[in-house]
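Thanks for coming. I have one structure to go through today, and I will keep it short.

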Amino acid sequence: MASKAVEWLLSEEYDFIFVDFDGPDAAGHSSGFDGYATAYQDRVVNTDTLIGTLLDAMMSTSSGEEWLIVLTSDHGGEGTSHGPADAYNRKIPFMVASNSPRVNIGFMPRDDPGSHMDVLPTIMHFLGGANAVPSGLDGQVFGFKDYGRAPPPTSS
C-alpha cells in the first residue's frame, strides 16, 4: 500500500490520498497491544518507516502547496482485545500536522485530545473552509486556528 501511495504522491495527480496501515492492529490482536512486546513493536516501527517514506515523497512534490496529515487509530486496546467497556479502547491517538498557517502547531490540549470522529470534519475544513463542514456531525474540526471547538463531552 505504501509504495502505491508514494506513486500517487509523486504523480501529483491527486489532492487527497487515504492510506491505511493495518500492521499494528493485526499484531496487537495476535500478540497483544503492548509497546514492549517485540511483535507489536516491530509492526509499529515498520509502519513508522512506511509513513516516513510517504512524508519524504510528499515533501519532494509539495513545494508551494499546503498539506494536511491526519494520523489516528480506529481503537486502542489491552491484551489482545478491545471493547466498548474497555478504557484502553478509548485511548486513541489523534494527530494533525500541516504546513498551513491556519493550523495550530504544538501539543494538543490535555483537556481536548481530539477523536477519530474529528477526521472527516477536519479534512473537510482543510479542503473547503468553514462552510464545507455540515452541522450535525459527531466530530469537530481539530487543530485549526480559524475554528472554535465546543468542549469535549465529559464521561460520567
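I will talk about the largest pocket and then about one pair of aromatic rings.

First, a caution: what you see is a predicted model.

Let's begin with the pocket. The space in the largest pocket comes to about 1900 Å³. Its lining is made up of 50 residues. If you want to find the centre on your screen, look for V19, I69, V70, L71 and T72, which lie nearest to it.

Which elements give two or more residues to that lining? There are helices, α1 (2–11), α2 (23–31), α3 (38–61) and α4 (119–128), and there are strands, β1 (68–72) and β2 (94–98). The largest share comes from α3, with 9 residues.

As for the chemistry of the lining, 31 of its residues are nonpolar. The remainder divides into 9 polar and 10 charged residues.

Now the rings. The count of aromatic pairs is 3. I will show one of them, F126 with F144. Their ring centres are 6.4 Å apart, and the planes make an angle of 55°, so the pair is classed as tilted, because only angles over 60 degrees count as edge-to-face.

Where do these two residues sit? F126 is in helix α4, while F144 is in the segment after α4. The pair therefore ties together parts that are 18 residues apart in sequence.

Are the two rings' residues buried or exposed? F126 has a relative accessibility of 15%, so it counts as buried, the cut-off being under 20%. F144 is buried too, with a relative accessible area of 3%.

That is what I have on the pocket and the pair.

Terms used: Residues numbered from 1 in each chain as written. Predicted model: local features only at pLDDT ≥ 70, side-chain atom pairs only at ≥ 80, totals over all residues. Heavy atoms only, no water. 1 Å grid on protein atoms, 1.4 Å probe; cavity = no way out; pocket = protein on both sides within 12 Å on 5 of 7 lines; lining within 4 Å. Points joined across faces, edges and corners; volume = space filled by probe spheres on them. Helix = DSSP H or I, 4+ residues; strand = E, 2+ residues; numbered from the N terminus. Nonpolar A, V, L, I, M, F, W, Y, C, P; charged D, E, K, R; others polar. Phe/Tyr/Trp six-rings, centres within 6.5 Å; stacked < 30°, edge-to-face > 60°. Buried < 20%, exposed > 50% of the residue type's maximum accessible area, 1.4 Å probe, protein only.
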